[in-house]
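Reader: Before we discuss assignments, please show the model. I should then like to ask how each label is justified.

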Amino acid sequence: MTLRVFNTLGMRKEEFVPLREGEVRIYVCGPTVYDFIHIGNARAFVVADVVRRYLEYRGFKVTLVCNITDVDDKIIRKAQETNLSIQQISEMYSDAYFEDIAALNVKKPDINPRATQHISDMIIAIQRLIEKGYAYEVDGDVYFDVSKFKDYGKLSGNKMEALEAGARIEVNPKKRNPADFALWKARKDGEPGWHSPWGWGRPGWHIECSTMAMKYLGETLDIHMGGKDLIFPHHENEIAQAEALTDKPFVRYWLHNEWLTVNGQKMSKSLGNFITVRDALKMYGPQVLRFFLISAHYRSPLDFNSESIEAAKANVEKILSAVERLLSMAEKDERGLEEETLLSQVREAKKKFNEAMDDDFNTPLAIAAVFEIIKAINTYVSQNNAIERSTKREVYETIKTLVEDVLGIKIRFKVGESAERQVAIVKGLMDLILEVRQEMRRRKEWKISDEIRDRLQRMGFIIEDTPKETRWRFKETI
Ligand code: AMP
Ligand code: ZN
């Protein structure tokens with residue numbers, strides 16, 4: 001089976017072949033840390049995490065780098081507004097970002113480089129671009145000369161003429177060509193700055209990412225990801241900078257996620273229609289939120305509304321309760337026809353899951369395959385009262401691998417986290433207490449056995465002694 005991915009560079013699905021056999025090197029554009037991340041941002045990080053998890057499941061050794069943009073106009077503005085330092089702002093919100101993505105069960109990237117810790121690498125890259133004739137300095141600013149890079153526009157499909165016309169609206173007399181972009185910005189009053197051959201200043205956003213990506217992943221990466229707003233100018237400019245420097249392809253596969261929308265509009269800070277991951281976690285919990293974020297294919301829009309979130313909630317509950325029902329089933333030694341049927345349904349569904357994910361990480365189809373397993377479990381549980389041990393293990397391991405390891409939705413909880421699980425524990429304890437009480441009754445210890453019954457009744461259980469056994473149930477269920 002081959003894995004096919006949709007490459008924005010070329011706009012078509014291609015077979016995925018990493019540069020080095022068995023290894024995949026991924027760069028994901030990380031957050032600009034000036035505020036809490038919203039669930040639209042989270043979509044980009046969760047999508048990248050599912051790609052990473054699936055590649056690992058397929059046996060690749062994955063290295064994932066996700067940067068922190070910790071110097072930027074928005075951070076500078078926030079620091080001015082709050083009277084905090086730029087460093088305080090960026091630390092506060094990068095800590096919050098790490099907490100949020102961990103809560104969403106996003107695996108920690110292998111490296112999280114911060115832009116401000118790589119300024120000297122960026123200065124060296126800019127110097128080389130000047131030496132190679134791709135960049136020029138004007139009054140302490142350095143610009144990339146797009147007319148020198150013949151492939152400019154190959155990712156976004158933007159034509160030079162259109163770009164020049166568009167960029168002319170915002171006239172900057174320092175630029176040779178209106179479409180040129182800043183590699184280095186001379187320091188203005190109140191802004192942070194670093195010493196450079198061109199005076200005090202700070203790097204442009206695009207050079208941050210291409211420099212850090214190549215530093216940690218080599219001159220040619222396998223996959224570069226981000227939301228589709230980054231295709232132009234950010235990623236187009238990253239390609240220009242990197243390929244002008246190395247004369248090698250910068251990235252083999254470019255993957256971009258579609259928007260998370262609200263009433264069809266992009267969720268964004270500027271439109272004010274956003275909900276932070278923190279708030280969403282409080283309202284829906286991590287499993288439901290993550291399930292919702294992967295419920296659409298990453299290249300399709302995903303609308304956030306009460307129905308879509310309710311559907312995610314219902315689906316997560318269906319998965320969890322089927323797993324609980326499977327796990328609390330009594331075990332037996334012999335495998336019968338029912339087990340054979342269950343196993344073949346589960347194996348068939350797993351194949352479909354793999355095929356869906358191999359087709360450009362089609363999570364909605366993969367989830368549909370998971371529900372075939374859920375259905376098979378429910379049918380088995382309702383028609384049988386015990387399950388052969390190794391069948392139970394295989395079914396559980398399959399669902400755990402697909403749902404928890406690949407999709408990142410946790411299916412088991414610690415005591416206290418799942419109502420279903422708590423009920424299972426109470427049932428086990430009740431059976432134990434009543435067995436002990438039965439033994440007391442056999443020994444004619446009436447006083448203590450009556451005392452146990454009375455106390456259990458006061459706690460809300462109905463206890464019925466019959467000549468053969470003692471039955472119990474919850475009072476609310478009468
Ligand atoms: P930012 O911190 O704004 O650079 O965003 C971090 C990541 O979130 C980028 O990959 C963006 O493209 C992505 N992103 C921002 N808004 C949305 C949205 N509404 N839906 C999906 N991805 C988004
Ligand atoms: Zn980037």
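Reader: Why does K350 count as buried, exposed or partly exposed?

Author: K350 has 32% relative accessibility and therefore counts as partly exposed. The cut-offs are these: buried means under 20% relative accessible area, exposed over 50%, and partly exposed in between (1.4 Å probe, protein chains only). As to conventions, this is a predicted model, in which local features need pLDDT of at least 70 and side-chain atom pairs count only at pLDDT 80 or more, while totals for chains, interfaces and linings use all residues. Residues are numbered from 1 along each chain as its sequence is written, chains are lettered from A and ligands numbered from 1 in the order in which they are written, and side-chain values use heavy atoms, with hydrogens and water left out.

Reader: Where does K350 lie, and with which residues is K350 in contact, leaving aside neighbours within four places in sequence?

Author: K350 belongs to helix 10 (residues 337–358); helices (H or I, at least four residues) and strands (E, at least two) are DSSP runs, numbered from the N terminus. Beyond neighbours within four places in sequence, K350 is in contact with Y57, T398 and L402, where contact means heavy atoms within 4.5 Å.

Reader: What makes residues protein donors of the zinc ion (ligand 2), and which are they?

Author: Donors are N, O and S atoms within 2.8 Å of the metal (3.2 Å for Na, K and Ca); water is not among the atoms, so sites may look incomplete. C29 (SG), C209 (SG) and H234 (NE2) lie 2.0 to 2.2 Å from the zinc ion (ligand 2). C29, in the loop between strand 3 (23–28) and helix 1 (39–57), and H234, in helix 7 (residues 231–246), are 205 residues apart.

Reader: Why do C29 and H234 count as buried or exposed?

Author: C29 has 8% relative accessibility, so C29 counts as buried. H234, at 1%, therefore counts as buried too.

Reader: How do you know whether helix 6 is oblique or parallel to helix 7?

Author: Helix 6 (residues 205–217) packs against helix 7 at an angle of about 55°, with the axes 8 Å apart. Axes are lines fitted to C-alpha atoms, for helices over the stretch in contact, and angles run from 0 to 180 degrees between N-to-C directions. Angles under 35 degrees count as roughly parallel, over 145 as roughly antiparallel, 65 to 115 as roughly perpendicular and the rest as oblique. Helix 6 is therefore oblique to helix 7. The contact includes C209 of helix 6 and H234 of helix 7.
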